[in-house]
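Visitor: Please pick one part of this model and take me through it slowly. I'd like to see how it sits among its surroundings and how far I can trust it.

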Amino acid sequence: MSLAAASMRAPRRTARYLATLARANTAGRPHARWQTRAVNTQPAYEGHIPLNWFEHGFLTLGSAFMALVNPRRADMVAALGDLTSGPVLPRLRDRMLESPEGRQILKERPRINTHTVDMNKLALLPEGTFGNAYVTWLERCGVTPDTREPVHYVDDPELAYVMQRYRECHDFYHCILGMPVNVVAELAVKFFEFANLGIPMTGMAAAFGHLPLTHAKREKLFRDYVPWAVKCGSSAQSLITVYWEKRWEQNIDEMKRELGIWSPPVEPRWPKPLSEAKLAAEKRAKMMENQQQVSS
Amino acid sequence: MHRTLRLANPRPLLSSARAQPRHLVAVRHNHQNASPAPAASSSSGANVSNDQRTTHFGFQTVPEEAKESLVRNVFDSVASSYDVMNDAMSMGVHRLWKDDFVARLKPGARGPLRCIDVAGGTGDIALRILDFAREKYADRETSVDVVDINGEMLKEGFKRFKKTMYHNTPQIAFKEANAQAMPEAEFPSNTYDLYTIAFGIRNCTSVPDVLKEAYRVLKPGGTFACLEFSRVNNPLFRSIYDQYSFSVIPLLGTLLAGDRASYQYLVESIRRFPPQPEFAKMIQDAGFVTGGLHEGKGGAWIDLWDGIASIHTGVKL
C-alpha cells in the first residue's frame, strides 16, 4: 500500500471523532488565553484550512514538487489546484451567475458521488441519452465517481464550492468529449479544460504533463487531439455552468450541439470495447428490473 | 493520471480553529490514583466536575478513555514515515538530541545494564544504547527491552533492528504494553537499571501513572531518564519556534505523509505538556530523587537548544 494511502486511513477516524467532539464541545468551552490569535483563522466551511501568505507559498512549492515527483499523490495535485486557482474562481463564479442553470447550481450546490448519483437508475435510461452514455463510459473505462479530494485551501466558501464542482464534473467532461482515461486522453481533456475554464492547474498539467510521455505518444497527442481540444474548448459554452444532473434524459448528440462540442477527429483507444460495455450495462439493467419485480 | 489513489470518503479535518498560544498555561495533571483531594493549583487540568473525566488531546478536550485510541490512531498512521518525518521536522537535529541523551547516560560504563526503553517503538534510543555500550565499553551484555503501546511502531523497530547485529540476540526484545499499566508478569518490579522514555511521555494519558510504573520496575539505584519537548526559555526564540511549529510542521505532514491532522496534534501536544520545573516536581512526587529544581549541573533537568527539548533524570533510592 502506498505511503500516502496508508497514512490517510487512521487520521480520518481520528478527525471524524474529533469533529464530533468539537461539535459537542463548542457549547460550553471556556475561552482559553492561549487560543487567541491576531488573525482570524476560523475555518469557513468543513475541511477549510486557512493559510497565511508564508504557508500558502510553502505549500504551493511543496505540493508542486511532490506532485511532479509522485503524480499518484492526488491530494498534492488537488492542493496545488486549490492554491493556484485564486484569480480564476471569481471569474468562473460570475460566469455561473450569468446563466440560469449556473445560478441554480450555485443555489442548490449539488454534489456528485456514489450516494447522490443513482447508477442503476441511469443504466436503465434508453441508449443515446446522456445518463446512459455516462454509465457506459464508466463501464468502459473501469472507474467510479468516487469522491475527489475535498477543497481545503480556498478561503471563500462559494469559490470553494465552484472548485469542488469543477473537480467532480471532470468525469462528465471526459464523457461528453468521448475520451477515455489513459494519459494521452487525460492530457487532451486538460487542454480542453484550460481553453474552456482557464483554471491554472489545468494549464500546468497541459504544459508539463506531456513531458514523461514517449515521443510517439506525445506526437499523437499534439497531432490528433490538442488542436481539436483547444478549438473546441475555446468555442464551447463554459461547462462549469452546465447542470449535468438535470440532463440525464437529454439526447447526448443534441446536448453536444447545444454546448458547442464535437467529437475528436481520431477515435481514441479504449481499454474495453464498446460492445462489451454495452453487454455489461444490459446485464445490470436486467438485474435491476428483476430486483424491482421481486420487491414489488 | 491520478485515478489509482482514491479516497472512499471525503476527509473532514479538525473543525476547530487552529490556535496559537501566547504563552503556556501551567497544566497540572490530575493525580487520579492519589488521594481524593487534588491539588488544583492552576487554571486547567483534568476535568473532574463532568460526569466523565476529560483530558487534553493537543488543544482539544477529549474523554480520557478516548485519548489512548486517538493517540494510537495518530501513531498507526505516522509509523511508516516516522523517521522521515522526524528528520524533516527537526531538520535532522533530533539525532543530535538523542545522541546527547544517550551519551549523558553512559550505558555500560559500570557494567552491563538491563534497560527498558518505553514508547520507543522505532528503536532509536535502544539502538543508540546498545551501540554506545558496545563501542565505548566493549559491552555485549547490556540488554534493552523496547516497549510501546502501538504495534505498528514496534514493527518498524523490529524491521530496523533486523538490519543490525542485535537481531536475534538476547540484547533486544520488543514488547507491546501500556506504559501506565505494565503487567507485573511480564515486567516484574525492581528489574531494570535504566528506564528511558524519549518523546513519548507527552502522549500518555496520565503522566503520574507512567512515573509510578517507572518507579516500580526500576531497581533501587536505577535511573529514570526522560527526553521530551519542553518550554523554550528565551521569548524571542520561543515565538520563532512557535511560528515554525504551527506553520511549517503541519504542512510538512501534509506534503510528506499526506496527514495534516496527526502533525497538528503533535505540535499541540508539545504545548500542553508541563514545563520543566512542573515536570521535575511530578518526577519527585513519584518517589524519585532528582537534582535541585533548576536547570544544568546539579539540577533536575538539562535544556537542549534552550528548551526545545529537555532531559529530566531521577534516581530510585
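Guide: What follows is a walk along one helix, the loop behind it and a couple of related spots.

This is a predicted model, where local features need pLDDT of at least 70 and side-chain atom pairs count only at pLDDT 80 or more, while totals for chains, interfaces and linings use all residues. Residues are numbered from 1 along each chain as its sequence is written, chains are lettered from A and ligands numbered from 1 in the order in which they are written, and side-chain values use heavy atoms, with hydrogens and water left out.

Our part is helix α9 of chain B, residues 276-285. (Helices are DSSP runs of H or I with at least four residues, strands are runs of E with at least two, and both are numbered from the N terminus.) Which residues of α9(B) are buried? They are Gln276(B), Phe279(B), Ala280(B), Met282(B) and Ile283(B). (Buried means under 20% relative accessible area, exposed means over 50%, and partly exposed is in between, using a 1.4 Å probe and protein chains only.)

Now look down the helix axis. These buried residues cover an arc of only 155° around it, so they are on the same side of α9(B). (The arc is taken from the directions that run from the helix axis to the C-beta atoms.) Here's the handy bit of background: an α-helix has 3.6 residues a turn, so residues three or four places apart point the same way.

And what does the buried set pack against? In chain B, the partners are helix α6 (207-217) and the strands β9 (218-229), β10 (292-295), β11 (299-304) and β12 (309-315). (A contact means heavy atoms within 4.5 Å.)

Keep following the chain. Just after α9(B) comes Gly287(B), with a positive phi of about 115°. Then, in the loop between α9 and β10 of chain B, you meet Gly291(B). Gly291(B) has a relative accessible area of 26%, which means partly exposed. Once neighbours within four places in sequence are set aside, Gly291(B) touches Gln284(B), Gly298(B), Gly299(B) and Ala300(B). From Gly291(B) back to Ala280(B) is eleven residues in sequence, and the C-alpha atoms are 9.0 Å apart.

That positive phi invites a quick side trip. Most residues other than glycine have a negative phi. Ala119(B), though not a glycine, has a positive phi of about 55°. Ala119(B) sits in the loop between β5 and α4 (124-137) of chain B, and its relative accessibility of 28% makes it partly exposed. Phe199(B), another residue that isn't glycine, also has a positive phi, near 55°. You'll find Phe199(B) in the loop between β8 (192-198) and α6 of chain B, and at 9% relative accessibility Phe199(B) counts as buried.

So what about trust? Chain B has a mean pLDDT of 83, and 84% of its residues reach 70 or more. (pLDDT is the predictor's confidence in each residue, from 0 to 100.) Confidence in chain B is highest in strand β5 (residues 114-118), at 97, and lowest in strand β1 (residues 27-28), at a mean of 38. Over residues 1-50 of chain B the pLDDT stays under 50, although the model has 136 contacts beyond four places in sequence for that stretch. Where pLDDT is low, the predicted coordinates should not be read in detail. For the model as a whole, ipTM is 0.72 and pTM is 0.72.
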